[in-house]
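Q: Please take a close look at a single part of this model. Begin with the setting, then go into detail.

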Protein chains: 2
Amino acid sequence: MSAGKPGFTPFKRLVIIGVGLIGSSIARAARKHGLAEEIVAVDRDADVRARVTALGLADRVTGDASKAVVEADHVILCVPVMANGALAAAIGPHLAKGAIVSDVGSVKGSVVRDVAPHLPKGIAFVPAHPVAGTEHSGPEAGFAELFVNRWSILTPPEGTDEAATARIRAFWEAMGANVEIMTPEHHDLVLAITSHVPHLIAYNIVGTAADMEKVTQSEVIKFSAGGFRDFTRIAASDPTMWRDVFLTNKDAVLEMLGRFNEDLLALQRMIRWGDGDGLHELFTRTRTIRRGIIASGQETPAPDFGRRSIPPAPGNVEPEKIR
Amino acid sequence: MSAGKPGFTPFKRLVIIGVGLIGSSIARAARKHGLAEEIVAVDRDADVRARVTALGLADRVTGDASKAVVEADHVILCVPVMANGALAAAIGPHLAKGAIVSDVGSVKGSVVRDVAPHLPKGIAFVPAHPVAGTEHSGPEAGFAELFVNRWSILTPPEGTDEAATARIRAFWEAMGANVEIMTPEHHDLVLAITSHVPHLIAYNIVGTAADMEKVTQSEVIKFSAGGFRDFTRIAASDPTMWRDVFLTNKDAVLEMLGRFNEDLLALQRMIRWGDGDGLHELFTRTRTIRRGIIASGQETPAPDFGRRSIPPAPGNVEPEKIR
């Protein structure tokens, strides 16, 4: 543990429940910046616990969440969204007075609904959603810099202790994140369009391409550099996490999907009727959005995402030329 | 010019008509590997010609395609798909006997239809489509290694001189590409699902996200790391090129789009009715495809495409930590 982030008073005992990509990244970042005097990692999966121990990610690793949270001043739930309710019910009675509970779920309305009722008085609940990640899962996939220059959205329910919210904000900022505060409802709408529907259509196009009979899977794979491969990254994300997202943010996802479908029908009609000007107009407009994302530092300006070092295919004619 | 690729007899005069991302990459690769004794670049846009001259991409730069092709033994049309017909009509009468004409269009049926009738007897037409590119356009965007380990698909019409096809195959292989031969019809179907429909839905989701009233554009940009930003890359591709693709590959695109929509409706229904198992099954299956693409060398295994060096946003709390 380092001496601690200047200006951030470390938590005494930070308990991270669920040590996947996000949980393990928090453990790494908290240790790197000295944000807790003791880090306790909890996972119900013995295999994950063994890997977390081997990776040395925490001061203590356990399978018993209820015991782990006793005397913790900060508990972060890092489990799939639908697992939060049962977890909160299990740990609720054991939480120390004054503890702050947070989470990292990609849906916030359902988490507030499922978790808050199980927390005793005197426990602050400050839900958080770090908008960061990769397509890889598990404790090996995490890294301390995952949250740097990414946004973490806090959605404290009405009446949440403001000092607790400020403390969680400082915690995320100490890990390098930018913080924004909004209502759970608005969060779920914003993420439906910036994350959930994109994942859904990525999963969908990859599924469609896998099910062709006139085009073989080998052809889909070979010629994926034409655009398809960009979609496969987010379609390789954790299935359980994403199942839960769609089941719990159903209304916002269906609303945004309705918009997407409406727009796609209009586009389909332009193609059918040969409306080249309409197509050109849209294709020009969409460039602006990418420029905005690059200018805001949320994307690299390098062509092709800066993809490099693609290993040669077996039998490739000139593998020595790959750079 | 180097001494020439071993085993490849250089063309005497290679004429590249249209010097954008692809045309300029061919010019660079042909020069790097000594694939032509003389490279002539043709562009109707004076500004592009000036830039090509400044970049030193060719031995000669001109705006007059008809004059340029006289005495050329290889002419490559590198213009938007719908421009090929008029271009072929213009250059047809001036082509030297024995010349091979090729192109790089993303749609092959329409190119064969539009170009072949304008070519005199004795001229071989070997259409090609290098499945490679970036979201950037123009002569500055090209690079000699663009085709390395990518596939170039040749679609010679029935009766094409086999020696000419072999020569074009060798040309692409000398630039580092793998070559596959198929009919124009099959090409257009394969590319509809691996490239055209992915581009269409990327353009569409970016358009949908830009038109929200409950979610601001600033929010879409901020929280794009949740998945949305992956789509913006291909939605930043050249509007004219893509307009032409959709107008000329209409039937295959509409067929594949129909599949996509059918599957998306099924997915939407799973969400509405809470079919978690169905969602989980699809989300698990789609991971396999990405693994195949990575194993084939068409994609990097690095998480997040290996995105790096994202510049800090103004006001980011810890810009010095970006790696």
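A: Chain A sets the scene, with 12 helices and 9 strands. The radius of gyration of chain A is 22 Å, and the globule rule gives 20 Å for 323 residues, so chain A is as compact as a globular protein of that length. The model is a predicted one. Along the principal axes, the C-alpha trace of chain A spans about 65 × 50 × 40 Å. Buried residues make up 55% of the 323 in chain A. Contacts in chain A with a separation of 6 or more are 74% between residues 24 or more positions apart.

Now the close look, in chain B. The part is an open sheet of 6 strands in chain B. Read across, the order is β3-β2-β1-β4-β5-β6, and the pairing is parallel. The edges of this chain B sheet are β3 (60-62) and β6 (124-125). Each has a single partner strand, so one side of each is left without a neighbour in the sheet. Strands of a sheet pair through backbone hydrogen bonds, in a parallel or an antiparallel sense.

Take one pair inside that order. Strand β1 of chain B covers residues 11-17, and β4 of chain B covers residues 74-77. These two run parallel and are joined over 4 bridges. Within this pairing, B:L14 stands opposite B:H74 of β4(B).

A helix also belongs to the picture. Helix α1 of chain B, residues 21-32, lies across β1, β2 (36-42) and β4 of chain B. Relative to β2(B), helix α1 of chain B runs at about 165 degrees. The β1 and β4 strands that pair over 4 bridges are thus both among those that helix α1 of chain B lies across.

Conventions
Residues numbered from 1 in each chain as written. Chains lettered and ligands numbered in written order. Predicted model: local features only at pLDDT ≥ 70, side-chain atom pairs only at ≥ 80, totals over all residues. Pairing = 2+ DSSP bridges. Contact = placed C-beta atoms within 7 Å. Axes fitted to C-alpha atoms, helices over the stretch in contact; angles between N-to-C directions. Rg over C-alpha atoms; globule rule 2.2 N^0.38 Å. Buried ≥ 20, exposed ≤ 12 C-beta atoms within 10 Å, placed from the backbone.
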